[in-house]
Each structure stands twice: as C-alpha cells, then as structure tokens.
Amino acid sequence: MKYWYETLAVAQRILIELFRRKRSLILWSIFPVSILLINGAILQERANLTTAKAFESAAPASLVGAALFFSCLGGSVATVVAEREQHTLKRLFISPLSGTSYFLGIFLAHSAIGIGQVILVYTIASCLGAQFQGSVLLGSAIILLSIISYVGVGFILGTQFARRTEDVNSLVAAFGVPLLILGGAFLPTALFPKSLLELAKYNPIYHMNEALMQVWANGKNIDDISEHFWFLLIFSIAMIAGGWLSYRRMLRVERRL
C-alpha cells in the first residue's frame with residue numbers, strides 16, 4: 001500500500017501542476033481534435049465515404065498518431081527533463097519516496113491524460129455519426145498497450161538523450177515525425193509503395209494504427225489482428241523495461257552530480 005499511495009501522490013502532483021498551467025492540456029485537446037476533423041474531411045471527400053464512415057476510419061489514426069504520441073511520449077520526455085532541471089530528483093534522494101513510486105506516478109499521470117484524450121476523440125467522432133463495430137475490451141487493450149509503449153519510449157528518450165528543455169522538441173521531431181508518417185497517422189498506408197509498407201512493419205505506430213483501425217472501424221477480432229497485437233504486446237513490455245532501466249541509470253548519475 002505504501003507504493004500505491006506514493007504513486008498516486010506523484011501522479012496527483014503532476015496532474016495538478018498541468019491543470020494549473022492549463023496551456024498544455026488545452027493544446028493536447030485541440031491537436032487531436034484538429035487532426036480528427038481534417039482526416040475525416042479528407043477521407044469523406046477523396047474516398048467518397050459517408051460522414052460516419054469517414055470518422056470511423058479517421059479516429060484511430062488521429063488517436064494513436066496525434067493524441068497519445070504527443071501527450072504520452074512527448075509529455076513524459078518533457079516531465080522527466082523538467083524534473084531534472086527543477087532538481088526534484090535531488091529532493092527524492094533525501095525523502096522517503098521510493099524511486100519505483102516516482103516512476104509509476106509519472107507513468108500513471110500521463111496514462112490518465114491519454115485516457116482523457118481517448119474519451120475526447122471518440123466522443124466527437126460519435127457525435128459526427130461514427131459507430132464502432134468491434135470489441136470495446138480489445139480496443140481498450142490496444143490503447144493501453146499504445147500508452148505503455150509511448151511512455152516507455154518517453155522515459156528512454158528523456159533520461160538518456162534530453163538534458164535541457166530545449167532538447168525536447170528536437171527529440172520528438174527527429175524520432176517521432178518520421179515514425180508518425182510511416183505509421184499512417186497523417187497519410188493512409190494504402191497509398192504507401194511496397195518498400196515503405198515493408199519498412200512500416202517494424203514501426204510500432206503502424207501496428208497501433210492498423211490494430212485499432214481493424215477492431216473499432218471494421219469489427220475484427222483478435223485472431224484477425226494477431227500480428228499487430230503480439231507485436232504491440234512484446235514492444236510495450238520491452239519499452240517499459242527499457243524505460244525503468246533508463247530511469248534507474250539516471251538516478252545513479254544524478255546521485256554523483
């Protein structure tokens with residue numbers, strides 16, 4: 001119970017700070033909604049789809065490619081860097097708070113933001129007529145694996161490559177934007193040449209997008225998306241382990257400084 005209460009306390013502190021600033025939360029709400037509306041309008045016009053069907057197809061890519069990427073990956077990188085610059089980690093060493101609780105608290109805070117974005121995107125899509133055909137449980141599992149993957153990658157980037165706040169934007173742009181395009185977040189994978197499709201199979205965002213699209217837009221079950229699902233499961237486990245090891249290494253470095 002000690003770890004649970006400490007984890008909740010860390011997550012609550014991060015969320016309260018975000019709510020006080022408000023700017024990040026507002027922008028994290030505007031961006032996925034804008035991508036959803038743009039993608040939906042393009043699909044409706046160019047693919048000759050109904051409004052409902054267009055937004056059923058646009059919602060998964062807008063969610064995993066825009067909402068979760070920037071809030072869970074970019075947000076966790078920014079949080080880790082800000083905590084180092086504010087010397088929060090130094091205070092951690094002289095407090096009874098455990099490193100495990102601190103790690104889990106940051107993870108829980110950004111997971112809560114991601115879940116809020118899921119509700120926002122799919123509420124707007126539903127208001128525009130979209131109906132989601134597949135299993136809610138399976139779709140939720142894909143979203144959870146996506147959040148875990150993004151936060152894990154965010155910890156790795158934030159602890160190993162970012163030293164100052166200025167590094168955050170360059171890291172997200174360098175690593176993220178090409179992966180987003182290759183994953184089908186801004187451009188449908190149906191338009192990709194064969195060489196890019198082969199390369200996309202190694203991109204976790206591609207598997208997030210395809211899995212969620214097949215489940216919630218086309219009503220597929222886990223057997224139909226087994227390749228995407230198992231890739232995400234293995235990747236999320238690897239990233240959370242890598243994020244934890246990177247975090248522990250950062251703590252050892254900070255103790256020596």
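**Notebook: pockets, cysteines and one helix**

I started with the lining of the largest pocket, where α3 gives the most, with eight residues. Note to self: this is a predicted model.

**Entry 1, the largest pocket.** I looked up the volume, and it comes out at about 520 Å³. Which residues lie nearest the centre? Out of 21 lining residues, I noted R21, S24, G75, A78 and T79 as the ones nearest the centre. Next I checked which helices take part: α1 (2-21), α2 (23-46), α3 (51-85) and α7 (166-182) each supply at least two residues of this lining. Sorting the lining by class gave me nine nonpolar, eight polar and four charged residues.

**Entry 2, the second largest pocket.** This one has a volume of about 440 Å³. It is lined by 19 residues, and I wrote down L43, L187, P188, T189 and M213 as the closest to the centre. Here α2, α3 and α9 (204-216) each supply at least two lining residues. Which helix gives the most to this lining? It is α2, with four residues. By class I get twelve nonpolar, five polar and two charged residues for the second largest pocket.

A reminder on how such spaces turn up: rolling a probe the size of a water molecule over the atoms shows where empty space is left.

**Entry 3, cysteines.** How many disulfides does the structure hold? I found zero. For the record, a disulfide is a covalent bond between the sulfur atoms of two cysteines. I then looked up two cysteines by accessibility. Is C72 buried or exposed? C72 counts as buried because its relative accessibility is 0%, and the cut-off for buried is under 20%. C127 has 65% relative accessibility, so I put it down as exposed; the cut-off there is over 50%.

**Entry 4, a look at α2.** Since α2 lines both pockets, I gave it an entry. I tried the length check: at 1.5 Å a residue, the 24 residues of α2 should span 34 Å. The end C-alpha atoms of α2 are 34 Å apart, so the two values agree. The rule uses one less than the number of residues, which is why I didn't multiply by 24. Which residues of α2 are buried? My list reads L25, W28, P32, V33, I35, L36, N39 and G40. Last thing I looked up: α2 is followed by N48, and the phi of N48 is positive, near 55°.

Key. Residues are numbered from 1 along each chain as its sequence is written. This is a predicted model: local features need pLDDT of at least 70, side-chain atom pairs count only at pLDDT 80 or more; totals for chains, interfaces and linings use all residues. Side-chain values use heavy atoms; hydrogens and water are left out. On a 1 Å grid over the protein atoms alone, a cavity is a set of points where a 1.4 Å probe fits but cannot get out, and a pocket is an open set with protein on both sides within 12 Å along at least five of seven lines; lining residues have an atom within 4 Å of a point. Grid points are joined across faces, edges and corners, and a volume is the space filled by probe spheres set on the points. Ala, Val, Leu, Ile, Met, Phe, Trp, Tyr, Cys and Pro count as nonpolar, Asp, Glu, Lys and Arg as charged, and the others, Gly among them, as polar. A disulfide is a pair of cysteine sulfur atoms within 2.5 Å. Buried means under 20% relative accessible area, exposed over 50%, partly exposed in between (1.4 Å probe, protein chains only).
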